[in-house]
Amino acid sequence: MSEVPGVSGGPERRLAAADEAATEVFTAHRELLFSVVYNMLGSVADTEDVLQETWLAWHRRAARPDGEDVGNPRAYLVRVAVNQGLARQAAISRRRETYVGPWLPEPLLTGGPGLREDGAGPAQAADAAEPALRAESVSMALLVVLETLTPLERAVFVLFEVFGYSHTEIAGILDRTPAAVRQLAHRAREHVRARRPRYRADPRVRRQVTERFVAAALGGDLAGLMSLLAPDVTLWTDGGGKARSAPRPVRGRDKVARTLSGYAAKRLPGTLDIQYRQVNGDPSAVVFSGDSPYAVMVIDLDPDADTVTDVYVVTNPDKLSGMRPESEAGERR
């Protein structure tokens with residue numbers, strides 16, 4: 001084992017010091033690894049599994065008696081995590097084949113309650129404890145588009161477009177040539193641009209429209225919903241067979257409005273607590289029934305008309321375990 005600088009004593013002491021050093025390095029990079037892998041997979045549970053595998057690989061590498069120090073731990077860890085994420089894609093694809101209804105990414109809280117009016121982040125200083133790099137998680141709408149890429153295209157897009165890695169760096173991570181990475185990046189970028197507007201609506205407008213939309217949807221206000229929805233709006237509901245949801249995406253303003261109004265009239269629990277939080281970087285509504293998360297509602301806007309083009313509603317309880325009510329803070333309706 002390579003010597004740990006400044007550590008003397010017997011083998012057990014050196015081993016403990018090396019283990020502590022390896023843990024410190026991994027912990028320092030954990031949030032970066034989480035963000036990269038989550039954006040590749042769209043699942044918190046799978047991301048945590050990949051991070052566990054990455055930690056074990058890193059620990060084995062750091063504990064090798066004949067091992068040399070890793071010159072760039074960050075690059076090493078990202079490479080291991082990305083390739084572990086790619087290897088996990090086959091198992092994820094098999095699960096999706098038997099998934100009941102539309103599949104949506106697992107919502108990820110990227111900010112606490114009390115969002116500033118500009119939508120840029122939490123207003124309270126206490127919320128600064130939220131890991132900063134989780135704000136690098138892309139929007140729910142973009143994650144849905146990324147699901148249509150190949151695993152390699154998605155990995156390249158995430159590393160290049162979201163985290164700013166160069167084509168040469170990505171080539172080293174994926175064991176591909178820079179030319180092949182450039183081709184993957186171009187194909188992924190064109191695919192995403194064809195399905196997502198280049199510009200996004202103002203965060204303040206997103207927050208205002210989200211509040212109006214939730215009030216109309218949960219209040220059964222059909223006319224109010226119709227005024228907010230774009231003609232070609234799509235409603236995506238993910239219950240995973242464990243909560244009520246539409247079996248397929250619902251398209252068109254009239255159908256979407258009537259579907260949402262029908263849910264509000266027939267299927268909602270009696271008392272709801274609505275908290276406006278940042279989910280995947282966007283102003284969103286997290287709905288609780290008592291202390292239990294009931295749904296996450298995220299909307300996507302046409303940046304030119306400020307009308308709702310997509311509605312994402314996650315009710316699968318397995319995907320809501322990370323949602324916690326704020327009893328003393330947060331804005332409620």
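This passage walks through a predicted model, going from its helices and cores to its run of paired strands.

The helical part is a good place to start. The largest nonpolar core counts 44 residues, and those that touch the most other members are Val78, Val82, Leu146, Leu159 and Tyr165. Seven helices each put in at least two residues: α1 (11-41), α2 (44-63), α3 (73-97), α4 (140-146), α5 (151-162), α6 (167-174) and α7 (178-195). Helix α1 gives the largest share, with 10 residues. As general background, nonpolar side chains in soluble globular proteins tend to be buried together. Leucine 146 offers a view from inside this core: setting aside neighbours within four places in sequence, its contacts are Asn39, Val138, Arg154, Phe157, Val158 and Val192. There is also a second core, separate from that one, with 28 residues, among them Leu229, Leu260, Ile274 and Met297.

Next comes a pair of helices, α6 and α7. Two packed helices are generally described by the angle and the distance between their axes. Here the axes come within 8 Å of each other and cross at roughly 105°. Since angles of 65 to 115 degrees count as roughly perpendicular, α6 is therefore roughly perpendicular to α7. On the α6 side the contact involves His167, Ile170 and Ala171, while α7 brings Pro178, Val181, Arg182 and Ala185. Sorted by character, the residues of this contact are five nonpolar, one polar and one charged.

The loop between α6 and α7 holds aspartate 175. Its phi is positive, near 60°, in a residue that is not glycine. Most residues other than glycine have a negative phi. Is aspartate 175 buried or exposed? With a relative accessibility of 59%, aspartate 175 counts as exposed, because the cut-off for that class is over 50%.

Further along the chain, the strands take over. Strand β4 (residues 273-279) runs antiparallel to β5, and seven bridges join them. Strand β5 (residues 282-289) pairs in the antiparallel sense with strand β6 (residues 292-301) as well, this time over five bridges. Valine 286 of β5 takes part in both pairings: it is the bridge partner of glutamine 275, and in β6 its bridge partner is valine 296. β6 in turn is joined to β7 (308-314) by six bridges, again running antiparallel. In that pairing, methionine 297 stands opposite valine 313 of β7. Methionine 297 has already come up, as a member of the second core.

How covered are these strands? In β5, seven of the eight residues are buried. β6 is mostly covered too, with seven of its 10 residues buried.

The turns between these strands deserve a look of their own. The hairpin of β4 and β5 has two residues between its strands, and asparagine 280 there takes a positive phi near 50°. Two residues also separate β5 from β6, and in that turn glycine 290 has a positive phi of about 65°. For β6 and β7, the hairpin has six residues between the strands. Aspartate 306 sits in that loop and has a positive phi of about 55°, although it is not a glycine. At 33% relative accessibility, aspartate 306 counts as partly exposed, because that value falls between the 20% and 50% cut-offs.

Terms used
Residues numbered from 1 in each chain as written. Predicted model: local features only at pLDDT ≥ 70, side-chain atom pairs only at ≥ 80, totals over all residues. Heavy atoms only, no water. Buried < 20%, exposed > 50% of the residue type's maximum accessible area, 1.4 Å probe, protein only. Helix = DSSP H or I, 4+ residues; strand = E, 2+ residues; numbered from the N terminus. Pairing = 2+ DSSP bridges. Core = buried A, V, L, I, M, F, W, Y, C linked by side-chain atoms within 4.5 Å. Contact = heavy atoms within 4.5 Å. Axes fitted to C-alpha atoms, helices over the stretch in contact; angles between N-to-C directions. Parallel < 35°, antiparallel > 145°, perpendicular 65-115°, else oblique. Nonpolar A, V, L, I, M, F, W, Y, C, P; charged D, E, K, R; others polar.
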